[in-house]
Amino acid sequence: MKIKITGIGSYIPEKKVSNTDFGEHVFLNEDGTAFGYPNEVVINKFKGITGIEHRRYAEDQHTSSDLAFFASQKAIENAGIDPETIDYIIFAHNFGDVKYGTTQSDMIPSLATRVKHKLQIRNPKCVAYDILFGCPGWIEGVMQANAFIKSGMAKRCLVIGAETLSRVVDAHDRDSMIYSDGAGASIIEASDDETGMLAYESATYANDEANYLFFGKSYNPDLDPDIRYIKMYGRKIYEFALSQVPAAMKSCLDQSGIAIDDVKKILIHQANEKMDEAIIQRFYKLHDRPVPKDIMPMSIHELGNSSVATVPTLFDLLIRGEIENQSIEKGDVLIFASVGAGMNINAFVYRY
């Protein structure tokens with residue numbers, strides 16, 4: 001038995017924030033000192049490394065569970081199912097619902113429960129729960145749905161990834177330009193043909209790597225040090241990703257029995273354009289192959305890094321033909337992969 005994605009949907013907020021909108025920000029070094037060059041230079045360097053030109057922020061009245069609800073509606077409609085037949089709602093996020101203008105996380109009840117409530121699902125046997133797995137959370141949720149369905153515990157799951165990272169960033173940290181908001185959702189069911197998940201790989205590195213992403217105080221020493229924001233050691237994450245993600249992807253592909261030349265697309269977490277390109281380069285180097293043209297669809301240029309939402313959103317855009325010069329056909333083999341807080345990495349090979 002295999003599992004497959006029978007419905008997909010995403011929600012991309014309408015509020016578009018350009019790099020130029022950061023022109024008046026007061027960016028500081030970690031020790032609170034000012035940069036020795038103007039914001040224009042900071043922004044240009046940022047664009048060259050990350051590839052990000054724009055990102056989306058949630059509307060003020062919406063929280064992560066709202067975005068997830070919108071994406072879930074689309075996935076349910078795309079699958080053509082009755083939501084009352086969903087056995088599990090698995091919601092991957094990192095910071096819960098954070099209302100606009102606040103930094104406090106709200107996770108009671110669970111965000112999955114909130115989505116079930118918004119969807120008006122009456123069936124009490126539809127079990128709703130959240131997972132915290134960093135940016136790879138949606139992929140991990142798909143793997144959990146795979147386990148539930150193969151064990152006979154479920155026939156149909158709704159797996160969601162949603163986040164509003166714009167509400168947990170330090171405005172004085174230039175890394176704040178990376179993050180964005182969004183949601184992606186998917187219906188997962190058993191496959192009765194050759195399509196679906198062929199192999200998977202998942203790992204947590206929690207020794208030296210555990211705190212590469214963390215909550216820390218603002219770089220502005222005048223702000224309340226007890227208020228925390230998302231922080232990261234970018235160079236360490238970059239080096240970790242390059243050393244571990246290609247190997248995990250190769251292990252997963254080897255398990256699937258699919259030849260490297262038969263992979264049509266690689267959908268990787270939209271964290272940083274240069275990092276993603278380097279991961280793909282190293283992955284193909286492990287197979288002694290050149291990187292094929294257009295193997296890696298990208299959405300980061302316009303949407304930024306919305307954490308758990310990037311991969312399902314990318315898949316949705318790809319299927320709908322909304323990524324320039326990118327398309328897939330029935331029978332194509334894809335690799336989904338991600339890396340993030342934990343440090344966690346995962347991947348699965350999938351026949352569309």
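**View 1. Where α5 meets α6.** Ile237, Tyr238, Ala241, Leu242, Ser243, Val245, Pro246, Ala247, Met249, Lys250 and Leu253 are the α5 residues in contact with α6, contact being heavy atoms within 4.5 Å. On the α6 side, the partners are Lys274, Met275, Ala278, Ile279, Ile280, Arg282, Phe283 and Leu286. Sorted by class, that makes 15 nonpolar, one polar and three charged residues; here Ala, Val, Leu, Ile, Met, Phe, Trp, Tyr, Cys and Pro go down as nonpolar, Asp, Glu, Lys and Arg as charged, and the others, Gly among them, as polar. This is a predicted model, in which local features need pLDDT of at least 70 and side-chain atom pairs count only at pLDDT 80 or more, while totals for chains, interfaces and linings use all residues. Residues are numbered from 1 along each chain as its sequence is written, and side-chain values use heavy atoms, with hydrogens and water left out.

**View 2. The α5/α6 crossing.** Two packed helices are described by the angle between their axes and the distance between the axes. For α5 (residues 234-256) and α6 (residues 273-286), the numbers are about 45 degrees and 9 Å. The axes are lines fitted to C-alpha atoms, for helices over the stretch in contact, and angles run from 0 to 180 degrees between N-to-C directions. Helices (H or I, at least four residues) and strands (E, at least two) are DSSP runs, numbered from the N terminus. So α5 and α6 sit oblique to each other: angles under 35 degrees count as roughly parallel, over 145 as roughly antiparallel, 65 to 115 as roughly perpendicular, and the rest as oblique. Their crossing is right-handed, meaning that the near helix is turned clockwise from the far one by less than a right angle (anticlockwise would be left-handed).

**View 3. α2 against α3.** Helix α2 (residues 64-79) packs on α3 at about 50 degrees, with 9 Å between the axes. That makes α2 and α3 oblique as well, and their crossing is right-handed. Ser64, Ser65, Asp66, Ala68, Phe69 and Ser72 of α2 touch Leu111, Arg114, Val115 and Lys118 of α3. The class split for this contact is four nonpolar, three polar and three charged.

**View 4. Two cysteines, no bridge.** How many disulfides does a search of the whole structure find? Zero, with a disulfide being a pair of cysteine sulfur atoms within 2.5 Å. Why does Cys135 go unpaired? Its closest cysteine sulfur, in Cys252, is 19 Å off, too far for a bond. Cys135 is buried at 16% relative accessible area, and Cys252 is buried at 0% (buried is under 20% relative accessible area, exposed over 50%, partly exposed in between, with a 1.4 Å probe and protein chains only).

**View 5. Two cis peptide bonds.** Ile108 to Pro109 is a cis peptide bond, omega near 0 degrees. Pro109 sits in the loop between β4 (88-93) and α3 (111-118). Gly342 and Met343 are also joined by a cis bond, with omega about -10 degrees. Look for Met343 in the loop between β12 (333-340) and β13 (344-351).

**View 6. Positive phi at Gln120 and Ser307.** Gln120 isn't a glycine, yet its phi is positive, about 60 degrees. Gln120 is in the loop between α3 and β5 (127-132) and is exposed, with 63% relative accessible area. Ser307, also not a glycine, has a positive phi of about 60 degrees. Ser307 belongs to the loop between α7 (300-303) and α8 (310-319), and at 1% relative accessibility Ser307 counts as buried.
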